[in-house]
Amino acid sequence: MEEYLEKFKERTRSEQRWLCEVFEGVRQQLYPLISSSVGLSVEQLTLSVLSKVHRAVGSEVTSLPVSYRFVSLSELTRKQHTPCCCSLTWSSAHYREQARRAEQALPNHRALARDNILLMGYLYDGSAAGASDGGWWVRDAGGAVSCLMVKSSPLWLGRLMLFPTWNYIPQNAPAGGGGYLELIDPPVCVTPEAMTFDPGGSLTEAMSVKRVAELLKQSDRCDTLVCVSGQVSVISPLLLISGRRFFCLILSEGDSAAPVLITEAKHQYWRQCVCVGQYICISTMRVCSLRGWAGHHVLSVTAQSRLHPHVQPQQSSEDPDTHLMDTDSHAPDTHMTSHTASCSTTSVRKKNSTLISYRGLITKVLHAEAGLYEIDGKVGLCLAYQPLQECGGGLRPGAEIQLHNVHFLYRPSPFAPDVILCACLRSSAQVSAFSPLSSKSEVGGSHSPLQRHLLEKNLGVSQYLWLCYCQRVITERLCPRWVRKERVCVVAGRLLDCVCNAEQKTDRKRDIYREMLQEPHLCPVTTYCVSWPCVVLWSVRQLCDWMSSDVWSSLSLSSLVSPAAAHMTCAELNACLSWSVHSVSLTAAHSQPLMLVGVLELNSSHATLQIKDQTQTLDCVCVQTDQSGATTNSNISTAWLGCLVCVQRCTLVMERSMKTNFPSWTHLDQPNYITHKHCRLYLQFCVSDLIIISPSAAMSISLMEKKRDQTDRRETDGDPLRSACVSLIFRLNSKQGVMFRNTSVSADPHTLQMGFMATVLCLGDVQIWNNDPKNRRIQTRETDGPQTTMDLHFGDVCVRWFPVLHPGSVYRLIAHNTEDVSVLKAESISARGGVKLLSNPALLMKHQWRLHTLTHTEQLLDTQSDVGAVMSVSKVLHSSSTSEIVSFYGVICQRITLQEEVGTKPNIQSMTATKDRSVVEEGLKIRLTVQDSESSGHMIQVYVDLSCGPYTPGLLQGATVILQDFQRKVSKACNVYCRSLPISCVTVTGLGSVSSGSGGSKSPPPMMLLGEWASGRTQQCIVGQVKGHIVCVLSLRLQWMCSLCGSAFKQGSCSRGQPPCDSSCSVFQAEAKVAVEDGSGEALVWFSSDTVSELLTLDAVQWEGLQRHARVKGHVRVYTRGHSMMCDVDPEDPLVQFLCCLCSSNTVCRQIKLTCRLRAQRTGKCQLRKVCRGPTEFISKFPPAPQLQCLQIHTDTH
Ligand SMILES: [Zn+2]
Ligand SMILES: [Zn+2]
C-alpha cells in the first residue's frame, strides 16, 4: 500500500484518500478472482484499473475522478433501491441533455438519476455456477448481478472488466431478488495482457448455407462434422423444455436455409452474441434428426463447436428488413389474405398474419404479466407466445426494440391497439438501446398464470387478448374481496369459455420445432380472428352510469301520454307523467355484446336481491323462466347468494318518477314545468339466464348432490372446520309483505323498523350438529319430531331474507356456535292480563342466523294444504263465496300512480324521515290493472299502497305477479276491486317482454254478444269486443274546460267566479252516449273525447274546425228527443244544425266493431217491455242493457 501511495505523493489529501479506497476495493473484491497464473500483484492490478478509469474519463483530464466511489456488487444490490445510471464518459451537460430529450419523448416518465460509481467485475455466463440459462452475469468476490447487453462478444467472457456506462434496475421483489445491470458502453478489460482468443477448429473448411442445405436434405450420415458460415435470418428465444435449455437459429443464403440447434449448456450465452442479419460461422456441428420434426435434419452444436462472429460482407448499420410503419395510413386488407370462417353462433372473420421486422420505441408497458407492450405510442407488442424474458429483458418505456419475424395483426381484438405485433417461437425481440428513463418495475413472474392458460388452452391471439382484458377488469372489480388474486385467471378463463363456444377453439397440438423451423412458417399466430371476442365487460358502476344517463335522455314527454292527452285537464295530464318506465335489454345498451359479472347478495335495506362488484351495487328482480307464475317452488334459492355470476341476458329497468305542473299538453316541449325528477334502476333476469362462474359453498353442495343423485349416495363429511350449531327444518306456509313496524327489539319505541312475518310449519325438532350442514340433504332425524306451526319474525337486517323465501319451499334454519337447542324454540307470546292470545308461537330471527333452501324435499311435501291457495283473477271477480282476504295471480296490464290526496300526509312520515329516501316513497299509491293470465277479458283493479314498506321493483306492464293477502271489495257501482293491507305482499314471478315495449295482453279480449253480456249469467268479462250497429246517438256534448279548475271556458277565460280563476289554459272535451245493438241485445256505449272524432268519422282538419266553432260558445249539447236530434239553446246555430244532421246520418249510424269495458259489473233490476210481434203484443222481461265504455273503435268491421 505504501509503495502504491508513493507513486502519488504529489496528489492532494483527498485524492490520496480516494486512491486508498480504490486500492482496498480492488484488493478485497477483484484480486481474489484473478488466477495466480496471470501473476499480478494487488498494486499492479490497481494501477491497471486506474489507467482504464483514466482513459474512460478522458485523457485530457489530469485530476483523478474522486467523485466516483468504488462499490462492490453486494453493496449495490443491497443498498441501491431506486434505478440509477452511471457513466464515466458522460459530462454533466451530456447527461442533462439526454435526460431532457428522453423525458420530452415520454412526458410521464422521469429520467434515471445519475450516480457516480466505479463498477468492476468478472463477466461470466453462469455456466460456471452450473446455472446456464443463457444469461450473462457480473461477479466480484462478494456477490453477483445479472446483466444485459445490447450486443455482446464471446471474447468478453471470463474477463475482469470495468463498466464505463450502465443502468442499474433494482427488482423490488419481496424476496429481495436484487436487480440487473444494463451495460450501455462495451466493457473495458482491466487485466493488462491482451489474451488472444482461440476459437479452436479451423474455418477453412466452412461450408456455405447452400451446400449444407443440400447435405441436410439427403443426409443419413449423422456422423459428419460440419462447419458452416452464413447470415442469421431467424433466432428463436431460449426455451426450457423438460429440463433442457436450448435455442435455435437459421442461417440462410438465397432460398436455402440451415437450421441450427444450440443445446449445449456452455454455448447458451451465444444467444446474446448473435443477432438477425449478422454473418457468423459455427464450427464442429453434427447433422442429426429431430424426433419432434420427423423427416427433417438439422445441425446441432457439439461441445467443441465455436462461434465466430464474421466480418459482414455488406455492412450496414440499418437492418434492410426493418419496416417503419405508418399505422395511420395503413390499409388493413392490402397484403393479407382473408377468409370468413362460419361459426355456429356468430360469424367470426379470420385472417392470416404476415411476418415483418420492426424497430421502435417502447412507450408503455400495457400489461407486464401478460407480456403486452406499446411501441411508438400506437403499435401493440405481444410477447406472450415466447417464454418470458429474464428480468423483463430491459423492456422498459423508453427502450428501443428491434423485432424480427414478428406477426403483423390488424385489429385482432377491440381491447388492444389496432396493430399488434405478435412474437412467436420464430421471432426475436431484442432491445437495441436501453431506456434512459425510470419506471415502476413491473415484472411478471416467469410463470404468469395468463401465459400458462395460453399454453394449456392453446389460445389464439384474439382470445388471449380478451383473456388479458378480462383478467384486468376482474382484478379491478372483484379482487380481493370475492376473487383471490391467484384465482383471477381461472375466473377469466371461465368467462372466456362463456364467450367462445367449443368449435371456436383450436385443438391442434403445438409442435415447437415445426413452429420454429419449418418453411413456410405455421404457428398459432398465423391465423387470427378479427375483433373477436368483442364482448365488453361492464362494471356495475358503468352499467348504473349508463342507465342513469339513458333514463333521462330517452325521455320523450309526448310519447308518455296517450292520444287522449289533448283532452286532459292539468291534473289528469300531470298524473299521467308522474311515473313511467324505460326498459332496455342488456344487448341493446351497447353496440358490442355486453356481459355483466358480479356477486349475488341480499340487500338488507331494500329487502331485495342485488348484484354487486367493488364499484357499485344494483338491485335485481329475479324470476323463474316459467311465465305462468302460479308456482314459486323453483324460484331463486339461498344457494345463489355469494355466487359469482355472469349475466348476458337481462333487462335494464329504469323507472322514472317526476313531479310536473304542465298546464296542458301543448306545453310538453317546455321542460321547465318539471319540478322534480328521480329514477330507480334495477335489473330483471331469469334464474336460468345466470351462468355460475364461481359457486358459493352452498351452490357447490347443491351441484354436488345433484351429481351424486345420478351416481351413488355416499355421505361426505362437512367442513374440516368443526363448529357446533343447531338447526331446524321448516316449510314456509306464507309470508307477509315487508313494512315498517314497531318491534320490541328497537331501543326507541318511536322508531319503526322494517320487518315481516312468515308462518312456517316446523317439520321436526331442533337438531345439534358438529359441523354446519348448510343445505345438505335432510337427514331422517331432522324430520322425526312432531310438526308444529310457528310465526317467524324477521326484523331490521333480517328482512334481507325476503326475496329468497317462497311459500311452499323447505328451509333449514341454522344458529351457529351453539349446542343449545332452546335458541330455536318458538315461544308463545305471553298473555297480558289473563287474556289468551290466539296466535302461533313466535320466533324472532337473529341477524347471525342463516337460512338455506333445501332441494329434494318432494317426500316431505305430501301435504301442501296449509300453503295459501292462489286464485286466478276471474275467480276473485266472480266467486261470491270468496273470503275478504284473497291471494291471486295475474298479469299487470296497466299501472297508474294515484294522485296524492291533498292534505293527507303519510302516517309514518316522522318515523321514516331519517331513513334512506330511495327506499321508501312517501305517500306513493298506485293502481294496477291485473288481467287474468288465461282469459284476457277478466281484469281487476288493485290499489297498492307502496309507502308503508320498501319500494317494490318490477311492477311493470306485462309482469306476472302474485298478490298475497289483499282485501277484496265491491264498489258502489258493483265493481270488484282489491286493495293492499299492511300484511299484503306482491311478488313478481314473470317478466314482460322488453322488445314489444308495451307487453301486457297479447291476446285480444274475447268477442261478446250484448245479450249475453247483459244477462250476467256467465262469468262476466270486464273487457270484450262487440260487433254491432249504432242505433242512434243519444247525446253528444262538446265543451271547452279550464284545464286548471275544470270550469267552463268562455271567450278565452275561465268562467269560475268564486274565487276567480285566472287560468288562460283550456282543453276541449267531448262525450257521446250511443245505443248499439247486435241482434242479441242492446247496450249503451260511452265514447270519450279521443274516440268521438272516430265515432263521427271526422278527419283531423274537420275535428279541429269543430273545436274552433265550439270555442265561441264554450259548450254545445245535442240529444235525441223522439226521432230527431235537438238542442236546448240556439237551435238555429249552424254548428248545432250540423251536429244534429251528422248524428242522425248513415255515416254515423253504421256497422261498427268496438273494444269496450263494462262501466259497472252489476246493474239494476230487469225491465219489463212491450214487444210487438204481428198483431200480438207481449210484455217481456229484459235484462238491463249493459253500460259500456268504448276503449277502441276498430276500423275493420269484420
Ligand atoms: Zn409465428
Ligand atoms: Zn279555471
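A residue is called buried under 20% relative accessible area, exposed over 50% and partly exposed in between, with a 1.4 Å probe and protein chains only. The model is predicted, so local features need pLDDT of at least 70 and side-chain atom pairs count only at pLDDT 80 or more, while totals for chains, interfaces and linings use all residues. Residues are numbered from 1 along each chain as its sequence is written, chains are lettered from A and ligands numbered from 1 in the order in which they are written, and side-chain values use heavy atoms, with hydrogens and water left out.

**Exercise 1. State how Thr1097 and Ala607 are placed, and whether each is buried or exposed.**

Step 1. Thr1097 is a residue other than glycine with a positive phi, near 50 degrees, and its place is in the loop between helix H18 (1089-1095) and helix H19 (1100-1113). Helices here are DSSP runs of H or I with at least four residues, strands are runs of E with at least two, and both are numbered from the N terminus.

Step 2. Thr1097 has a relative accessible area of 38%, and is therefore partly exposed.

Step 3. Ala607, which is not a glycine either, has a positive phi of about 55 degrees and is found in the loop between strand E34 (594-603) and strand E35 (608-612). Because its relative accessible area is 8%, Ala607 is buried.

**Exercise 2. Describe the site of the zinc ion (ligand 1), beginning with its protein donors.**

Step 1. Taking as donors the N, O and S atoms within 2.8 Å of the metal (3.2 Å for Na, K and Ca), and bearing in mind that water is not among the atoms, so that sites may look incomplete, one finds His407 (NE2), Cys424 (SG), His521 (NE2) and Cys523 (SG) at 2.0 to 2.2 Å from the zinc ion (ligand 1).

Step 2. Four donors count as tetrahedral if all angles lie between 85 and 135 degrees; four count as square planar and six as octahedral if opposite donors are over 155 degrees apart and all others between 65 and 115, and anything else is irregular. The four donor atoms of the zinc ion (ligand 1) make angles of 101 to 122 degrees, and the site is tetrahedral.

Step 3. The donor residues of this zinc ion (ligand 1) follow the spacing H-x16-C-x96-H-x1-C in sequence. Cys424 lies in the loop between strand E28 (419-422) and strand E29 (428-433), and His521 in the loop between helix H10 (512-517) and strand E31 (527-529), so the pair ties together parts that are 97 residues apart in sequence.

Step 4. Cys424 is buried because its relative accessible area is 2%, and His521 counts as buried at 12%.

**Exercise 3. Work out why the arrangement around the zinc ion (ligand 2) is tetrahedral.**

Step 1. The protein donors of the zinc ion (ligand 2) are the SG atoms of Cys1042, Cys1045, Cys1054 and Cys1061, which lie 2.2 to 2.4 Å from the ion, and their residues are spaced C-x2-C-x8-C-x6-C.

Step 2. The angles subtended by the four donor atoms around the zinc ion (ligand 2) run from 96 to 120 degrees, and therefore the arrangement is tetrahedral. For reference, the ideal angle for four tetrahedral donors is 109.5 degrees.

Step 3. Cys1042, at 0% relative accessibility, counts as buried, whereas Cys1045, with a relative accessible area of 28%, is partly exposed.

Step 4. A cis peptide bond runs from Gln1058 to Pro1059, with omega near -15 degrees, and Pro1059 has its place in the loop between strand E57 (1053-1054) and strand E58 (1066-1077).

**Exercise 4. Trace the surroundings of helix H9 (residues 488-499), taking Arg494 as the example.**

Step 1. The loop between helix H8 (461-478) and H9 holds Pro480, and the peptide bond from Cys479 to Pro480 is cis, with omega near 5 degrees.

Step 2. Arg494, a residue of helix H9, is partly exposed because its relative accessible area is 30%.

Step 3. If its neighbours within four places in sequence are left aside, Arg494 is in contact (heavy atoms within 4.5 Å) with Arg487, Ile693 and Ser694. The C-alpha atoms of Arg494 and Cys646 are separated by 9.9 Å, with these positions 152 residues apart along the chain.
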